[in-house]
Amino acid sequence: MERTLSIIKPDGVQRNLVGTIVGRFESEGFRIAGMKRLWLSKKEAEAFYAMHKDRPFFDSLTSYMSSGPVVVMVLEGPNAIQRNRDIMGDTNPAQAAEGTIRKEYGLDVEKNTVHGSDKPETAAKEIAFFFSELELMR
Ligand code: CMP
């Protein structure tokens, strides 16, 4: 079993895509081990995306991620990190494969509807950023 962090970004929440996206994850066989809706401050978004702090899009990304509510989830299942990335599709919706969430719903490279952890070390950090172990216990 593996866990990964998934975020439905402000463009997804604003367009009432929460049920659709959570349903997609469930139908793909993931267990939703934890889920909450919250509105990040700019500082919280900066802390979450700290690994991108030197990238040119950092300020815009963190402003966007704090512009409205998000839904954060822990997805659990075999090979969850890579499977979630496959289901999300390429970061840039214009380059994402047919059938992926970003191809179907992403608006642009920033408003790309979902975030998913990229590797095990990141997943552990990102899950701990939002959830305590107690919240994720079976
Ligand atoms: P995400 O998976 O949340 O991780 C970092 C985010 O930065 C990424 O999705 C994109 O939404 C955002 N981003 C904005 N501009 C770019 C860019 N030019 N290249 C990569 N990521 C970008």
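A residue counts as buried if 20 or more other C-beta atoms lie within 10 Å of its own, as exposed if 12 or fewer do, and as partly exposed in between, with C-beta atoms placed from the backbone. Keep in mind that this is a predicted model: local features need pLDDT of at least 70, side-chain atom pairs count only at pLDDT 80 or more, and totals for chains, interfaces and linings use all residues. Residues are numbered from 1 along each chain as its sequence is written.

**View 1. The whole chain has eight helices and four strands.** Helices (H or I, at least four residues) and strands (E, at least two) are DSSP runs, numbered from the N terminus. Walk along the sequence and you meet the pattern β-α-α-β-α-α-β-α-α-β-α-α. The chain is as compact as a globular protein of 138 residues, because its radius of gyration is 14 Å, close to the 14 Å that the globule rule gives. (That radius is taken over C-alpha atoms, and the rule is 2.2 Å times the number of residues to the power 0.38.) Along the principal axes, the C-alpha atoms fill a box of roughly 40 × 35 × 25 Å. Of the 138 residues, 33% are buried.

**View 2. Strand 3 pairs with strand 1 and with strand 2.** Two strands pair if DSSP finds at least two bridges between them. Strand 1 (residues 2-8) runs antiparallel to strand 3, with seven bridges, and I7 sits opposite V72. Strand 2 (residues 31-38) is also antiparallel to strand 3, again over seven bridges, and here R37 has V71 as its bridge partner. Strand 3 itself (residues 70-77) is mostly covered, with six of its eight residues buried.

**View 3. L5 in strand 1 is a buried residue.** Why is L5 counted as buried? Because it has 26 C-beta neighbours inside 10 Å. Two residues are in contact if their C-beta atoms, placed from the backbone, lie within 7 Å. Skipping neighbours within four places in sequence, L5 is in contact with V72, V74, S117, A123, E126, I127 and F130. L5 and A124 are 119 residues apart in sequence, yet their C-alpha atoms are 8.3 Å apart in space.

**View 4. The ligand has a shell of residues around it.** A residue is near a molecule if its C-beta atom, placed from the backbone, lies within 6 Å of it. The ligand's surroundings are H52, F57, L61, T91, V109, E110, N112 and H115. This shell splits into three nonpolar, four polar and one charged. (Ala, Val, Leu, Ile, Met, Phe, Trp, Tyr, Cys and Pro count as nonpolar, Asp, Glu, Lys and Arg as charged, and the others, Gly among them, as polar.)

**View 5. Some positions carry UniProt labels.** An unreviewed UniProt entry puts "binding site" at K9, F57, R85, T91, R102 and N112, and "active site" at H115. These positions follow the numbering used here, feature names are shortened, and annotations may be inferred rather than shown by experiment. K9 lies in the loop between strand 1 and helix 1 (10-14), and K9 is buried because 24 other C-beta atoms lie within 10 Å. Beyond four places in sequence, K9 touches M65, V70, K111, T113, V114 and H115. H115 is in strand 4 (residues 114-116) and counts as buried, with 21 C-beta neighbours inside 10 Å. Leaving out residues up to four places away, H115 touches S6, I7 and K9. R85, in helix 5 (residues 80-88), is partly exposed, with 17 other C-beta atoms within 10 Å.
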